[in-house]
Amino acid sequence: MTAASLRAGPGAVQRFPVVVVGAGPAGLTVGNVLRAAGVDCLVLETESRALIERRPRAGVVEEWAVRGLERRGLARNLLERAQVHGECEFRFAGERYRLRYAELTGRHHYVYPQQFLVTDLVREYADVRGGAIRFGVRDVRLHDLESDRPSVSYVCPDSGERRFVACDFVAGCDGARGVTRTALPPGRARVARHDHGVGWLALLAEAPPSCDCVVFGMHPSGFAGHMQRSPEVTRYYLQCPPGDDPENWPHDRVWTELRERLAATGAPPLTEGRLIEKRVLDMHDHVVQPLVFGRLLLAGDAAHLTAPIAAKGMNLALHDAFLLGDALAARLTEDDERGLSAYSAACLDRVWDYQEFSQWLSELYHGTASGDPYRAGLTLARLRRLFASRVAATAFAEQYLGAATTDRLT
Ligand code: RFL
């Protein structure tokens, strides 16, 4: 299948079987799967290549997702460089408790910063597999999605002209603040929303990790988290009021709160460092149902936002992208519709499973500091059960690893 330029010159209308809007983990994975199947596509991205290759976000990749990337030839660097984790630590009531989830399930997490994965995926798509990609595009619009001749237009950053691209399918992979979801006419999709009622101060510290695993601190002042990213950089989280101003959190206040909320008998002291990222995330989720509207197929954060409570968003984006890339390739090379017909329901099964776990974990993290003694009591009971019952710990481990859902097609 080749991309044919319908007309050359200014105002040219190009044609690609698939236009992918957004070059995050979802869009770039779809693009790579399509290129591997010999299907041409065009990826449109509002930011520059340099920016997306250094934008820090996620870091925890579940083992099934790593295997999915590996099967598609996209995990070489990840497998060489990622840290492999099999334990996490809960700190509450002044004590520390290890949960050895790899021992319980035989599965692991991989820690590989999102910007490294995006860098690998762009290089493979554009430089190795020869995929078309335009960076810095503006004002992306979708047209005629309910016809069999949809198109996408954008303003070219160099000429300032609007360019039109005719296609068969549009993959909406432009994240939680993108435009593709807004192309859904009112009443054609349901959006389920949930607000956790808390904020998280998301921090990146130029400091080596303070512990050899992920740490969750449940404290009456609020949740605190510690997550390794690399030997030089560590992510921390501090629960804060929703909409709080990061300027309310100067260096000394951050480290004092982290020390207090992560304190436990025998815990190593925190290694402090310069704070290179400090932003407040309001913790909310939403799910668009269904993920398909005419020739538009949504994937990743464009379709469902999962607050980073359980480190699930990028994993879900990869799950959608595997299914969507394979389904589009089957439709465009073999005229096989089955993957596309099953796409929305197959993604939503895992999305809702992860939403449910995220909701459960949110209560575990935030109940202690809720100010409600009943919620605080339930939280402590849940925490104790995790360390009193191997069955409860194994159930947690399966959900934490995303291993409890049925893998249909990844
Ligand atoms: P992305 O990564 O947001 O990519 C969307 C891309 O689309 C571009 N874009 C547009 N392009 C064209 N036209 C438009 N109109 C456009 N509008 C936007 C954007 O510039 C961008 O390049 O979405 P995608 O691919 O669905 O991937 C989702 C993940 O990025 C997200 O779920 C994770 O980062 C969430 N997340 C985590 N997920 C995990 O699985 N494990 C983690 O450990 C984890 N930690 C996190 C996280 C998210 C965080 N933040 C910043 C919310 C930690 C944090 C702090």
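Visitor: What does the side chain of Asn 315 do around the ligand?
Guide: In this predicted model, a polar side-chain atom of Asn 315 sits 3.0 Å from an oxygen atom of the ligand.

Visitor: And how much of the ligand does the protein bury?
Guide: The protein buries 91% of the 1000 Å² that the ligand exposes when taken alone.

Visitor: Which elements give two or more residues to that shell?
Guide: Those are helix H1 (25–36), strand E18 (234–240), strand E19 (274–289) and helix H8 (313–334). H8 provides the largest share, four residues.

Visitor: Which backbones come into play at the ligand's oxygen atoms?
Guide: A polar backbone atom of Ala 26 is 2.9 Å from an oxygen atom of the ligand, and a backbone N or O atom of Gly 59 is 3.2 Å from one.

Visitor: What's the mix of residue classes in the shell?
Guide: You get 17 nonpolar, 10 polar and 10 charged residues around the ligand.

Visitor: Switching to salt bridges, how many are there?
Guide: The count comes to 27. One network links Glu 87, Glu 89, Arg 91, Arg 96, Arg 98, Arg 100 and Asp 212.

Visitor: What about Arg 261, who's its partner?
Guide: Arg 261 pairs with Glu 257, with the closest N and O atoms 3.0 Å apart. They are separated by about one helical turn, because they're four residues apart in helix H7 (residues 251–261).

Visitor: Are those two buried or exposed?
Guide: Arg 261 and Glu 257 are both buried.

Visitor: And Arg 331 with Asp 335, how far apart are N and O?
Guide: That salt bridge is 3.6 Å, N to O. Arg 331 counts as buried at 17% relative accessibility, whereas Asp 335 counts as exposed at 58%.

Technical notes:
Residues numbered from 1 in each chain as written. Predicted model: local features only at pLDDT ≥ 70, side-chain atom pairs only at ≥ 80, totals over all residues. Heavy atoms only, no water. Polar contact = N/O pair within 3.5 Å; in protein donor to acceptor, adjacent residues only side chain to side chain. Areas by Shrake-Rupley, 256 points an atom, 1.4 Å probe, with all protein chains shown as cover. Nonpolar A, V, L, I, M, F, W, Y, C, P; charged D, E, K, R; others polar. Salt bridge = Lys/Arg side-chain N within 4 Å of Asp/Glu carboxyl O. Buried < 20%, exposed > 50% of the residue type's maximum accessible area, 1.4 Å probe, protein only.
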